[in-house]
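Dear colleague,

Please find the structure below, handed over for your records. The findings follow directly after it.

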Amino acid sequence: MRLESLYNNNTLIIEMDMKELIERLEQKTAELFRDARSQLDKGNKTAGLRARRTSLEMEPLLKQLRKMSLEIANDRRKY
């Protein structure tokens, strides 16, 4: 029972971090689409640069999301 409690606490911490990560990805995705649309609709070259830069910033966040998701899935299989 104590291990389950510890497990639940660890999972909660991981899920809280996952929630923050998802919020950051949602924000970055909104920025990416806003700038990409601005480039497409208005021909704004600077917006295209911002969109490409944002996509590069998202790459490590997406890798972190994958890692956290696997950790959560593996932790739940143990119990």
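A salt bridge is here a side-chain nitrogen of Lys or Arg within 4 Å of a carboxyl oxygen of Asp or Glu. Please note that this is a predicted model, in which local features need pLDDT of at least 70 and side-chain atom pairs count only at pLDDT 80 or more, whereas totals for chains, interfaces and linings use all residues. Residues are numbered from 1 along each chain as its sequence is written, and side-chain values use heavy atoms, with hydrogens and water left out.

Salt bridges

Across the whole structure, the search finds four salt bridges. One of them joins K28 to E57, with 2.6 Å between the closest N and O atoms. K28 belongs to helix α1 and E57 to helix α2, so this pair ties together parts that are 29 residues apart in sequence. Helices are DSSP runs (H or I, at least four residues), numbered from the N terminus. K28 is buried, at 17% relative accessible area, whereas E57 is partly exposed, at 34%. In these terms, buried means under 20% relative accessible area, exposed means over 50%, and partly exposed lies in between (1.4 Å probe, protein chains only).

A salt bridge within helix α2 is formed by K63 and E59. Their closest N and O atoms are 3.8 Å apart, and the two residues are separated by four positions, about one turn of the helix. K63 counts as exposed, at 55% relative accessibility, while E59 is partly exposed, at 40%.

R34 and D35 also meet through their side chains in a salt bridge, at 3.6 Å from N to O. D35 is buried, with a relative accessibility of 4%. Together with R50, these two residues are linked in a network of salt bridges.

Nonpolar core

Which residues make up the largest nonpolar core? There are nine: M18, L21, L25, L32, A51, M58, L61, M68 and I72. A nonpolar core is a set of buried Ala, Val, Leu, Ile, Met, Phe, Trp, Tyr and Cys residues joined through side-chain atoms within 4.5 Å. Helices α1 and α2 (45–78) each supply at least two residues of this core, and the largest share, five residues, comes from α2.

Two core residues also appear in pairs that are far apart in sequence. L65, in helix α2, has its C-alpha atom 7.1 Å from that of M18, although 47 residues separate the two along the chain. L65 itself is partly exposed, with 25% relative accessibility. Similarly, S55 and L32 are 23 residues apart in sequence, and their C-alpha atoms are 6.8 Å apart in space. S55 is likewise found in helix α2 and is partly exposed, at 34% relative accessible area.

Surface charge

On the surface, D17, E20, E23 and E26 gather in a patch of negative charge. A patch is made of residues with over 30% relative accessible area and no salt bridge, like charges being joined within 9 Å. Asp and Glu count as negative, and the place of a charge is taken as CG of Asp or CD of Glu. Accessible areas come from the Shrake-Rupley method with a 1.4 Å probe. Among the patch residues, E20 lies in helix α1 (residues 2–42) and is partly exposed, at 49% relative accessible area.

Yours sincerely

Methods. Patches are made of residues with over 30% relative accessible area and no salt bridge: like charges are joined within 9 Å, nonpolar side chains (Val, Leu, Ile, Met, Phe, Trp, Tyr) within 5 Å.
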